[in-house]
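Open the model in your viewer and keep the sequence panel beside it. This tour tells you what to select at each stop and what is there.

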Amino acid sequence: MKKYLLTFIILSSIGCLSVFSQSLSINTDGSSADASAILDVKSTMKGMLIPRMLTTERLAIVNPATGLQVYDTDLSQFYFYNGSSWMGIASNTNYWTLSAGNIYNNAGINVGIGSTNPSARLHIAHGTRFVADTASLFLQSGNAIGSARDWKIYVPMPQGYLSFRDMGFDNLNNGMASDAMVIQFGTGNVGIGALVPAEKLEIAGNLKFSGTNTIYAATGQNMLIRPGDGAGNSGALTIRGGNAGTGSGGAGGDLNLTGGANMPLGGAGYGGLGAPGNVNITGSSGYNSVGGNINITAGATSYWALAGNSHSDVILKGGQNLNATDPANIIAEGGHTFASNASNSSGGNIIMKSGLAVGAGIAGNIQLLNGNVGIGTAAPSSKLEVCGNVRVIGTIVASGTITTSAIACPSDIRYKKNITPLTNSLQKLMRMEGVSYYWRPADFPGMNFNDKMQMGFIAQDVEKIFPEMVFTDDAGYKSVDYARLTPVLVETIKEQQKQINELFARVDALEKSKH
């Protein structure tokens, strides 16, 4: 028995050596393995199972060999290792299929021809050309004919014309019922994107010119450019210079508004000429509403401006006078009011605002350079001359010396009547309460409050004690004239000094009585 067992072991070892050096065949018909295969498995009744495991088990395989295959039971998909990562073997839902003469891909992905990053279901790079050998070329959407999203392009080449029919736009959800370009019978009106053109040319969309072009009316005729009137809100009219191109160093186009010159064709030297044309910019009148504004705004400077502190300006210049010493003025005048009772109407204001800063930045200044500024006078003799009262809400900061002649309050006795000495100043002053506080600049941006701690009084409290120190504006907000507190303080000091003198006298009397 031991002899037979040893013989079996030796024969088995020899058989194993031949398996490693030759192809291995596993089948039920006894056929040899194909010479090109190391393993040839053949069956008409059974399949072959490769290792099956969970996703965590597959990922836990240490140093998987390139080409190693397993079946992931969590994802129900075959995977192979490509040397650096596990790759899923495509299922039958995301590959190209050839069936009944048709080829298709049902993976729901974008397909690129000449593009490695397709942005649509079919993205053809470097231009698209369709060639029809006979008859015509017909392209149509997959939507129902006549639906809002239906479109067709029909090009019958033998006839030599191009027809666009039933063009619609998905984002508008409003398909057109006829040709995208029409020539109306009888009127000769041409419509591009317009179903029934009402003018010789009606374009529902943009209009582009190539090259240098001019639009002008017939000689001596006026030209009106305006949006169409609306049943409700009307459209806006925007005219601007062209943007720079993609090349570096390109400049944007100017927008020039120039009145027509009065110089006749042929040059100067003519007499009796009419006035040159003006440039008139007028906001439209309002009916039962406010009239239209005129807004002139300089362009914004980009974040990457090359020059430091570079910015755009709004420049208003009076015209030069070439033959006299009287230059042109710049006149800014508020609007006049016309009412049945003109004495109760108010003229328009002139408002100047500097630009606001972002975050903790500092707002721009209003600078009046060159010459003197007069308020209430046409002939100022100083940098600033004000003929009238001046009211300051805030702090006056002077970098030089302020003399009594610079800031003076009228106090001549000849200006005054019903003069009465102040009484009970100390008693009233003791009722006042000094407080520290912060302004609310975010709630009142027009007041230009700062964010520093302040000290002062509450106007409503002061008004109860010294109503003559408090002023109320038209909006109901109150202000305190702190300068008017000065005579109260003087009288209070006098009352206190009187009390001190009386106390000193009593102390002296007590000291003398002890002796």
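The stops below go from the whole chain to a pocket, two cores and a handful of single residues.

**The whole chain**

Start with everything selected. This is a predicted model. The protein chain has 515 residues, and 10% of them count as buried. Colour by secondary structure next. Five helices and 22 strands make up the count for the chain. Now show the surface. Its accessible area is about 43900 Å², with 56% belonging to carbon and sulfur atoms. Contacts are worth a look too. Take those between residues at least 6 apart in sequence: 11% of them join residues at least 24 apart.

**The second largest pocket**

Select Ile225, Leu237, Thr238, Ile239 and Leu257. Of the residues lining the second largest pocket, these lie nearest its centre. The full lining has 30 residues. How much space lies in this pocket? About 1800 Å³. Colour the lining by class. You will find 14 nonpolar, 13 polar and three charged residues.

**The largest nonpolar core**

Move on to the C-terminal part of the sequence panel. Select Met432, Ala459, Val462, Ile465 and Phe466, then add Met469, Val470, Val480, Leu485 and Val488. These ten residues make up the largest nonpolar core. Two helices, H4 (459-465) and H5 (485-514), each give at least two residues to this core. Which element supplies the largest share of the core? H4 does, with three residues. There is a general pattern behind such clusters: in soluble globular proteins, nonpolar side chains tend to be buried together.

Stay on Val488 and show its contacts. Leave out residues up to four places away in sequence. Val488 then touches Leu422, Ser425, Leu429, Phe466 and Met469. Phe466 and Met469 are also members of the core.

**A second core**

A separate core has five residues, and Met53, Val70, Tyr79 and Tyr81 are among them. Select those four and centre the view.

**Two positive phi values**

Next come two loop residues. Most residues other than glycine have a negative phi. Look at Asn63 with that in mind. Its phi is positive, near 50°. Asn63 sits in the loop between helix H2 (55-59) and strand E4 (69-72). Is Asn63 buried or exposed? Asn63 is exposed, because its relative accessible area of 70% is over the 50% cut-off.

Now select Ser76. Here phi is near 55°, again a positive value in a residue other than glycine. The loop that holds Ser76 runs between E4 and strand E5 (77-81). With a relative accessible area of 52%, Ser76 is exposed.

**Ser32**

Go to the loop between strand E1 (24-26) and strand E2 (39-41), where Ser32 lies. Its relative accessibility is 66%, so Ser32 counts as exposed. What does Ser32 contact, leaving aside neighbours within four places in sequence? Its partners are Ser25 and Asp40.

**Lys317**

Jump to Lys317. It belongs to the loop between strand E16 (201-203) and strand E17 (373-375). Lys317 counts as exposed, at 73% relative accessibility. Add Ile330 and draw a distance between the C-alpha atoms. They are separated by 7.0 Å, and the two residues are 13 apart along the chain.

**Gln427**

Gln427 is in helix H3, which covers residues 425-430. This residue counts as exposed, with 53% relative accessibility. Select Thr492 as well. It is 65 residues from Gln427 along the chain, yet their C-alpha atoms are separated by 8.3 Å.

**Thr472**

End at strand E21, residues 470-472, which includes Thr472. Thr472 counts as partly exposed, because 42% relative accessibility falls between the 20% and 50% limits. Show its contacts beyond four places in sequence. You will see Glu463, Tyr477 and Lys478. Finally, add Ala459, which is 13 residues away along the chain. The C-alpha atoms of Thr472 and Ala459 are separated by 9.5 Å. Ala459 takes you back to the largest nonpolar core, where it is one of the ten residues.

Key: Residues numbered from 1 in each chain as written. Predicted model: local features only at pLDDT ≥ 70, side-chain atom pairs only at ≥ 80, totals over all residues. Heavy atoms only, no water. Helix = DSSP H or I, 4+ residues; strand = E, 2+ residues; numbered from the N terminus. Buried < 20%, exposed > 50% of the residue type's maximum accessible area, 1.4 Å probe, protein only. Contact = heavy atoms within 4.5 Å. Areas by Shrake-Rupley, 256 points an atom, 1.4 Å probe, with all protein chains shown as cover. 1 Å grid on protein atoms, 1.4 Å probe; cavity = no way out; pocket = protein on both sides within 12 Å on 5 of 7 lines; lining within 4 Å. Points joined across faces, edges and corners; volume = space filled by probe spheres on them. Nonpolar A, V, L, I, M, F, W, Y, C, P; charged D, E, K, R; others polar. Core = buried A, V, L, I, M, F, W, Y, C linked by side-chain atoms within 4.5 Å.
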